[in-house]
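Me: I would like to go through this structure step by step, asking for the reasoning behind each label. Please set the values against the cut-offs as we go.

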Amino acid sequence: MEQNEQKRNGYLECEKRWVYILLIMSAGYLGAFTYNLRGGVFCNAQTGNLLLMAIALGKTNWMQAIYYLIPLCAYIAGAVISEWLPEKVNRLHMLRWDTILISVEIAAIFLLGLLPESAPFQIAQVTINFICSMQYNTFRQAQHVPMATTFCTNHVRQIGIHLVKWRSDRTDTASRNRIFIHVSMLAAFVAGGIASTAIGKVLYGKSVWGACVLLGIILIALIHADLTTEKNQMDRKPAGH
């Protein structure tokens, strides 16, 4: 039913694949930024933090273990807000939640770039945890293909699954296309990390603004869609919600 409706109306701008490519590129950029310049951690997902908390508990380093509750709570808060707010925001019929979220991400990242190099790494880590959680929970499907825009594990898994399907049936163009889609997402993530590492060597903390450029391109397109082509579709939910 939902797929038939989207075939008739087309995909929302926030569901288009090019948007997801830039989103995961910005995630790769931010991941490399926090690892290279803000404490040697990855803030795009929480598996690492849970594992580090377990290691700290195993070593009876209680204060360090308690610290990892902070990014975990920030991630949970991001999920709660991004689950609770969209319907209320869309009901105003001004801008979609997806658009508001990208503008919030840009504002948060811009402020991070203003912090002095002496600022505690935890400020950047928790902020990026928070916005990555909201992004992951908001952008779920690109043209009916389930996607993660902040980490890569599922993309690697999907490549393996569809390689087997395509090998079994070389006429299976759907599986071949899925392989291409997920490889593109991985390539974009890596490209973001490479760019962040290279720019970070020159601009240090201000290099985080590179993610604003990527997100800014998305924001312009989403605002344009909200105010023109999708003005009367504010109540329509993106696939996967």
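Me: In which helix does Ser26 lie?

Reply: In this predicted model, Ser26 lies in helix α2, which covers residues 17-37.

Me: Why is Ser26 called buried?

Reply: Ser26 has a relative accessible area of 1%, and since buried means under 20%, Ser26 is therefore classed as buried. Leaving aside residues up to four places away in sequence, Ser26 touches Gln135, Leu214 and Leu215.

Me: What makes the rings of Tyr67 and Tyr68 an edge-to-face pair?

Reply: By the rule for ring pairs, the count comes to five aromatic pairs. In the pair of Tyr67 and Tyr68, the ring centres are 5.4 Å apart and the planes stand at 65 degrees; centres within 6.5 Å make a pair and planes over 60 degrees apart count as edge-to-face, so the label follows for these two rings.

Me: Are Tyr67 and Tyr68 buried or partly exposed?

Reply: With a relative accessible area of 21%, Tyr67 is partly exposed, whereas Tyr68, at 9%, counts as buried, because the cut-off for buried is under 20%.

Me: Why is the pair of Phe110 and Trp209 called stacked?

Reply: The centres of Phe110 and Trp209 are 5.2 Å apart, with 15 degrees between the planes, and planes under 30 degrees apart count as stacked, so the pair takes that label. Phe110 belongs to helix α6 (residues 97-114) and Trp209 to helix α10 (residues 209-227), so the pair ties together parts that are 99 residues apart in sequence. Phe110, at 40% relative accessibility, counts as partly exposed, and Trp209, with a relative accessible area of 26%, is partly exposed as well.

Me: How do you know that the span of helix α9 is close to the expected 45 Å?

Reply: Helix α9 (residues 173-203) has 31 residues, and from its first C-alpha to its last it reaches 44 Å, which is close to the 45 Å expected at 1.5 Å a residue. Among the buried residues of α9 are Ile179, His182, Met185 and Gly192, and what covers the buried residues of this helix includes α2, β2 (145-146) and α8 (153-168).

Me: What caps the N-terminal end of α9, and which residue follows α9?

Reply: Asp172 caps the N-terminal end of α9, with a side-chain oxygen 3.3 Å from the backbone nitrogen of Ala174; this distance falls within the 3.5 Å cut-off for a polar contact. Tyr204, whose phi is positive, near 55 degrees, follows α9.

Notes
Residues numbered from 1 in each chain as written. Predicted model: local features only at pLDDT ≥ 70, side-chain atom pairs only at ≥ 80, totals over all residues. Heavy atoms only, no water. Phe/Tyr/Trp six-rings, centres within 6.5 Å; stacked < 30°, edge-to-face > 60°. Buried < 20%, exposed > 50% of the residue type's maximum accessible area, 1.4 Å probe, protein only. Helix = DSSP H or I, 4+ residues; strand = E, 2+ residues; numbered from the N terminus. Contact = heavy atoms within 4.5 Å. Expected span 1.5 Å × (residues − 1). Polar contact = N/O pair within 3.5 Å; in protein donor to acceptor, adjacent residues only side chain to side chain.
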